[in-house]
Amino acid sequence: YGPCVHCIHVRIWLVGVIILGLLALWLRRWVWSNTLLHAGVGGLMVGLLGTSQELLWTEQGKIMGSCSFDLGLPGWLALDSWFPALFEVKESCGDTPELLFGITMAEALVPFAWAMIILSGVMVLLSLWRLRR
């Protein structure tokens, strides 16, 4: 399958998480930065959850016509022009690839995003607890 616009949005959310993860590795000595970065990952995961839910509903036929070939990004963030191999829309929305045990990518992304939101919340709380000590 070639990536649709929702799949590209999933990639954008995950690239944001990777960037925050690399920043967290660089700033790992400072607890306050870890707290902010864990909160940032949680925020990105909330965005991923919304995109994943929309992708799942499109795959299940609950949403029709919500997909185009336009990423909807502002002109100053032309990721599809800068990195076409990663961010260029190639297909209209529909089915997503099957992973394991008959579970599609869209079906797997929703619980993954929820798990990461919960994990980010726990990490923020642990970081705040560490700051209090």
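Where does Lys 90 lie? I would like to open with that residue and then widen the view, keeping in mind throughout that what we have on the screen is a predicted model.

Lys 90 sits in the loop that runs between H4 and H5. Lys 90 counts as partly exposed because its relative accessible area is 47%, and partly exposed is the class between 20% and 50%. If we set aside residues up to four places away in sequence, Lys 90 touches Gly 2, Pro 3 and Phe 69. As for Gly 61, which is 29 residues from Lys 90 along the chain, the two C-alpha atoms are separated by 20 Å.

Let me now step back to the chain as a whole. Its secondary structure comes to 5 helices and 0 strands, so that, read along the sequence, the pattern is simply α-α-α-α-α. The C-alpha trace spans about 50 × 35 × 25 Å along its principal axes, and of the 133 residues in the chain, 35% are buried. If we take the contacts with a separation of 6 or more, 75% of them are between residues 24 or more positions apart. The accessible surface of the chain is about 8,500 Å², and carbon and sulfur atoms account for 68% of that surface.

Next, the interior. In soluble globular proteins, nonpolar side chains tend to be buried together. Here the largest nonpolar core has 27 residues, and the ones with the most contacts inside that core are Cys 4, Val 5, Met 45 and Leu 55. The elements giving two or more residues to this core are H1, H2 and H5, with H2 providing the largest share, 8 residues. Val 5 is worth a pause, since, leaving out residues up to four places away in sequence, Val 5 touches Cys 67, Ser 68, Asp 70, Leu 71, Val 89, Glu 91 and Cys 93.

Two of the helices deserve a description of their own. H1 has 22 residues and reaches 32 Å from its first C-alpha to its last, which is close to the 32 Å expected at 1.5 Å a residue. Among its buried residues are Val 5, His 6, Cys 7, Ile 8 and Leu 20, and the buried residues of H1 pack against H2, H4 and H5.

H5, for its part, has 28 residues and reaches 40 Å between its first and last C-alpha, close to the 40 Å expected at 1.5 Å a residue. What does H5 turn inward, and what do those residues pack against? Buried in H5 are Ala 106, Leu 109, Val 110, Ala 113, Ile 117, Ser 120, Val 124 and Ser 127, and the buried residues of this helix pack against H1 and H2. As a reminder, an α-helix has 3.6 residues a turn, so residues three or four places apart point the same way.

Finally, the surface. Trp 30, Trp 32, Leu 36, Leu 125, Leu 128 and Leu 131 form a nonpolar patch there, and together they have about 670 Å² of accessible area. The elements that give two or more residues to this patch are H2, covering 31–60, and H5, covering 105–132, and the largest share, 3 residues, comes from H5. Leu 128 belongs to helix H5. With a relative accessibility of 41%, Leu 128 counts as partly exposed. H5 therefore carries buried residues, under 20% relative accessible area, such as Val 124 and Ser 127, and also gives residues to the nonpolar patch on the surface.

Definitions and conventions:
Residues are numbered from 1 along each chain as its sequence is written. This is a predicted model: local features need pLDDT of at least 70, side-chain atom pairs count only at pLDDT 80 or more; totals for chains, interfaces and linings use all residues. Side-chain values use heavy atoms; hydrogens and water are left out. Patches are made of residues with over 30% relative accessible area and no salt bridge: like charges are joined within 9 Å, nonpolar side chains (Val, Leu, Ile, Met, Phe, Trp, Tyr) within 5 Å. Accessible areas come from the Shrake-Rupley method with a 1.4 Å probe; for residues, only the protein chains shown count as cover. A salt bridge is a side-chain nitrogen of Lys or Arg within 4 Å of a carboxyl oxygen of Asp or Glu. Helices (H or I, at least four residues) and strands (E, at least two) are DSSP runs, numbered from the N terminus. Buried means under 20% relative accessible area, exposed over 50%, partly exposed in between (1.4 Å probe, protein chains only). The expected span of a helix is 1.5 Å times one less than its number of residues. Contact means heavy atoms within 4.5 Å. A nonpolar core is a set of buried Ala, Val, Leu, Ile, Met, Phe, Trp, Tyr and Cys residues joined through side-chain atoms within 4.5 Å.
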